[in-house]
Amino acid sequence: MSPHRHKAYLIFWMAAVLTLTILPSSAGFGLAQANGGAADTSGVALPLRQPGPTDRAEMEAFLDELFVAQMAEHHIAGAGVVVVKDGDVFFAKGYGYADLENKTPVDPEQTIFKIGSVGKLFTWTAIMQLVEQGRLNLDADINTYLDFRIPATYPQPITLKHLLTHTAGFEDSWLEVFARDVDDLLPVSEWLAAHIPARVRPPGAAVAYSNYGASLAGYIVARVSGLPYAQYVEEHILQPLGMAHTTARSPAPPNLRAQASLGYWAVDGVLQPVPDYPAYIGQPALAPAGGHSSSVADMARFMIAHLQDGRHRDADIGAGRLLQESTLQQMHSTLYTSDPRLKGSAYGFFDFSDNGQRVLGHSGSTLGFTALLLLLPDQDLGVFVAYNSEDSGELTTQHFGFQRAFFDHYFPAPAAAAIQPPADFAQRAGRFTGSYRLTQSAYTTLEKIGGIMIPVEISELGDGTLRFTIFGLEERLVEVAPLYFRQTDGAAGILFHADDRGRITHMYADLSPQYAFEKLNWYETPHFNLALVLGSVAIFLSVIPLVPISAMRNRRAKTGQERTSRGARVATWIMLGISALNLLFVAGTVQVFSTLGFPRFGIPLSYRIVLGLGVLSAVLTVSALVYTVLAWKERYWGVALRAGYTLATVAAIAFVWFLNQWNLLGWRY
């Protein structure tokens, strides 16, 4: 449901402690083939007419070659693409298969893809329709429209503008977004009221992509219109535009299920269908955030309406109107940006401008599917692409994958002029370097540990430039103004924010206007925490064989040392208990965090027990600290064993700190 990087399962980074292999291999899948026998165009010089596409045959040759290569490299079963231009469909085609087993080809008109967060654009369009009618006020407190209350954590209320721009200030949460049985599904209002994420920053302070915020917006549409969300979308967006192969219902209604593509992932090099259950019994409250499905041809109708001042006309439906021209222009205008020099967001769309072209867009992903929608208003051009396989996420990441290939081909950017770094930059580089986390993170629940899985690093290259690394992608940056950097080989900018003491606290990037980044303290960095846990676990493991050795020594103690020996035995058993409990905690946490769907289906009883082990270990750690003092005072064992016991106690204290730091101490969910 998030635009990208919320994969089907979250692999807990502490798995390295036990050297477990969690993810199946995905290598070795054979070459995907485009429907209709795409010609082999490798090595063929294709004619280009710039700017933008002008020749359908040329576009087909270009896209055929592109999709064949992408589908082979990324283990993709099927894909669909549509390009609209000047109010009409310019090109549409399906590639590969919607159902591999039955060899059902992707049909751009009929095949329905889950489009994930691209469906949020229906929600935001619905909001703007009701604003246009005077039934919603973008600046009003959203509590005005709800039958439950968002807590007043900050003096400033959350408004619809904050929801539209993902600046409401909610933390991220995936807890209980799915149910394992239809009987566990909750009414929309009940689920939303019971799962309000903590407000962790004032509204408008920073962007942090929020599925919950979009879900609230969908519920407001239902409350104000008097129609269930899916019905409103059908009657006011889909039917007026003739989008007969699109639905906001999950699962899709029976008349559309036969045309629904399967989702796939690669297991041991073989594409296999993704299990259906997460998508089919997702909580209805989350549908406005990404529960939509559509064919690429239907998405062409939606794009045309957005590009043609709110209108769509064809022989099948006559004339349809989505929004008034003035409302549509407002929806496409910039509503929020972290800084005037950076790209931001419109009313639900993000600024994906590329190679000198203004681009409004949105990406989406859900289990087994990814999608990307791009609008170029100045060119009257729109592009929508959808894939039905899990490994396609890189292809629908804005500015990379499909977008990068399309824009470099049809709107190539001139070579960027070289920028010389300031002569004194090396002296200041250290204030920027370090680890950062997405603002789209959990802060108050055990999901916080998931944020440490996303490596965002700024490092110094030694030549007056910085390296920005995220999701395995790298960009080199050069300073062009205080706190403002540009790509060395492109136009994208990055801005750092400093507090009143001059310390860097945040980073904002053109390439990701839906996210901001917070600089981590040294004790929050992945490297420090991994070292702490690895070191602690190594010490806990070493305690296990030492226990019988110590016990044997205690049994051989002289009668005159009986009192000391008894204290030593108690101390020994306490440390054995701490070590065993902590090792079991690590193993249990690795197991549950590697489980498909955690915590989307809630916290299982088995992990609640594991969390209890951490609490018990923390209590015993207090006792271990007391016995450490006694061990030195009463001279339990020799100096070496006393030093070892002290080291083990320090490791236990450090582990308790770790659990508390990442909300794993107790039942915090």
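Helices (H or I, at least four residues) and strands (E, at least two) are DSSP runs, numbered from the N terminus. This is a predicted model: local features need pLDDT of at least 70, side-chain atom pairs count only at pLDDT 80 or more, and totals for chains, interfaces and linings use all residues. Residue numbers start from 1 along each chain as its sequence is written, and side-chain values use heavy atoms, without hydrogens and water.

**View A. S261 sits in the loop between α8 (254-257) and β6 (264-267).** S261 counts as buried (under 20% relative accessible area, 1.4 Å probe, protein chains only; exposed is over 50%, partly exposed in between), because its relative accessibility is 4%. Its side chain makes a polar contact of 3.1 Å with the side chain of N388. A polar atom of the S261 side chain also lies 3.4 Å from the backbone oxygen of A98. Polar contacts are pairs of N or O atoms within 3.5 Å; within protein, one must be able to donate a hydrogen and the other to accept it, and residues adjacent in sequence count only if both atoms are side-chain atoms.

**View B. Strand β12 (residues 360-366) is largely enclosed by the rest of the structure, because 6 of its 7 residues are buried.** Strands pair if DSSP finds at least two bridges between them. β12 runs antiparallel to β11 (residues 350-351), with 2 bridges. Here D351 stands opposite L360. β12 is also antiparallel to β13 (residues 369-376), with 7 bridges. S365 stands opposite T370 in this pair.

**View C. The hairpin of β12 and β13 has 2 residues between the strands.** G368 takes a positive phi near 90 degrees in this hairpin.
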